[in-house]
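Please look over the model below. The report starts with one residue and its contacts, then widens out.

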Amino acid sequence: MTTATASVPAVDAPPETQPVAWRHRHLLDVDGLGPAELELVMGTTDAMREVLARPIPKVPALRGTNVTILFYEASTRTRVSFEVAAKNLSCDVVNIAASASSVSKGESLVDTVRTIEALGAHMLVMRHGVSGAPYLAAEVFGGSVLNGGDGWHAHPSQALLDLYTLRSRLPGGSLEGRKVVILGDVLHSRVARSNVWSLTAMGADLWLCGPSTLLRGFDAWAARGAAGRRFTATSDPDEALRDADVVMALRIQRERMASGLLPSLREYAARYGLTQERLRRAKPDVVIMHPGPMNEGVEIAPDVAVDPRSVITDQVTNGVAVRMALLYLLAGARQRAGGGG
């Protein structure tokens, strides 16, 4: 991760966010964020939530900042959330769908990024189907790159909004010692990978659960505690859900699924689908999450999705505030490092 030491400058931002310190030029994943930096994001998000509660939820904090949103994959929540967040900070926003750009004519990622920068972009929000693509963009882009999801690899803003949502819902706002279960298609989930880093950094007792074919690599990671991150991987949903404080169901990613990983969706739903009956093993006040979009009736039952304990809509709402915070922090680092604009 490319870094630069910076403090967020006074740019007519909400006074609650000043002064803050941020050392990263890009946000490509959360693996390089320690507890203090995660707390900084959470505190800045609190201030942005206050902005969103105003009659006119807009501040001139990043007026004159050009943000380009470049998505090579379809998206609703992440793309719209970043656009709303940028506009709430008074950024000038350009949306590019790769399918409607020169990419469809064979233009390379590097050429696309250089063109976007030449057209005046200061910040680039990017989603790509290939793991590592935002890292390549960060090497050639002179501004800041925010990873909106790359392949199976990472989805940092989703992990941060999940963390913020949990802190807002759990008594005391702490994840220390809380049993958090991520249930489902872990193998293909960039959300799960980023949440491993953020949730373990904040002291959660993290469990990953799914069919053994969808835990490949994670079982070995859990066993060796790589990079000091300790969590549990199991194919037993009863064991995972027992006394859970939080359960996050993951979407079965049929578009990424190789043949033979599951016997059938019906069998998966019967064994691993999050149902009211299965939830009885968790604590009565369990927090129910899903990063969306949902395959209702497969990884999560329709009545569970709308259960009073569900925070799925809160995740969407909090996504705007978290992404406002990230844009704000990264813009401050860019300006302090001499990026101008």
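Thr 45 touches Tyr 164, Ala 321, Val 322 and Ala 325, leaving aside residues up to four places away in sequence. Contact here means heavy atoms within 4.5 Å. Thr 45 belongs to helix H1. Its relative accessibility is 0%, so Thr 45 counts as buried. The classes are buried (under 20% relative accessible area), exposed (over 50%) and partly exposed (in between), with a 1.4 Å probe and protein chains only.

This is a predicted model: local features need pLDDT of at least 70, side-chain atom pairs count only at pLDDT 80 or more, and totals for chains, interfaces and linings use all residues. Residues are numbered from 1 along each chain as its sequence is written, and side-chain values use heavy atoms, with hydrogens and water left out.

**Overall make-up**

The protein has 12 helices and 11 strands. Helices (H or I, at least four residues) and strands (E, at least two) are DSSP runs, numbered from the N terminus. Of its 341 residues, 56% count as buried. Take the contacts between residues at least 6 apart in sequence: 75% of them join residues at least 24 apart.

**Helix H1 against helix H5**

Two packed helices are described by the angle between their axes and the distance between the axes. How do H1 and H5 pack? Helix H1 (residues 35–52) meets helix H5 (residues 156–169) at an angle of about 75°, and their axes are 10 Å apart. H1 is therefore roughly perpendicular to H5. Axes are lines fitted to C-alpha atoms, for helices over the stretch in contact, and angles run from 0 to 180 degrees between N-to-C directions. Angles under 35 degrees count as roughly parallel, over 145 as roughly antiparallel, 65 to 115 as roughly perpendicular, and the rest as oblique.

On the H1 side, the contact uses Leu 38, Glu 39, Val 41, Met 42, Thr 45, Asp 46 and Arg 49. On the H5 side, it uses Leu 160, Leu 163, Tyr 164 and Arg 167. The residues of this H1 contact with H5 divide into six nonpolar, one polar and four charged. Ala, Val, Leu, Ile, Met, Phe, Trp, Tyr, Cys and Pro count as nonpolar; Asp, Glu, Lys and Arg count as charged; the others, Gly among them, count as polar.

**Rings and charges**

A search of the whole structure finds four aromatic pairs. Rings of Phe, Tyr and Trp (its six-membered ring) pair if their centres lie within 6.5 Å; planes under 30 degrees apart count as stacked, over 60 as edge-to-face and the rest as tilted. Which residues do ring pairs link into a cluster? They are Trp 197, Phe 218, Trp 221 and Phe 231.

Charges also sit over rings. Lys 179 lies over the face of Trp 207, 4.2 Å from the ring centre. The charged end of Arg 323 sits over the ring of Phe 82, 5.0 Å from its centre. The criterion is NZ of Lys or CZ of Arg within 6 Å of the ring centre and within 35 degrees of the ring normal.

**Loop residues**

Several loop residues have a C-alpha partner further along or back in the chain.

| Loop residue | Partner | Separation in sequence | C-alpha distance |
|---|---|---|---|
| Val 59 | Met 48 | 11 residues | 9.6 Å |
| Ala 204 | Val 180 | 24 residues | 6.6 Å |
| Pro 308 | Asp 285 | 23 residues | 9.6 Å |

Val 59 is in the loop between H1 and strand S3 (66–71). At 4% relative accessibility, Val 59 is buried. Ala 204 is in the loop between helix H6 (190–201) and strand S8 (205–209). At 8%, Ala 204 is buried too. Residues up to four places away aside, Ala 204 touches Leu 175, Gly 177, Arg 178, Val 180 and Leu 199. Pro 308 is in the loop between H11 and helix H12 (312–336). With a relative accessible area of 75%, Pro 308 is exposed.

**Backbone exceptions**

Most residues other than glycine have a negative phi, and most peptide bonds are trans. Ser 90 has a positive phi, near 70°. Ser 90 is in the loop between helix H2 (77–88) and strand S4 (92–97), and is buried at 15% relative accessibility. Asp 243 also has a positive phi, near 60°. Asp 243 lies in the loop between helix H8 (237–241) and strand S10 (246–249), and is partly exposed at 47%. A cis peptide bond joins Gly 292 and Pro 293, with omega about -10°. Pro 293 is in the loop between strand S11 (287–289) and helix H11 (302–305).
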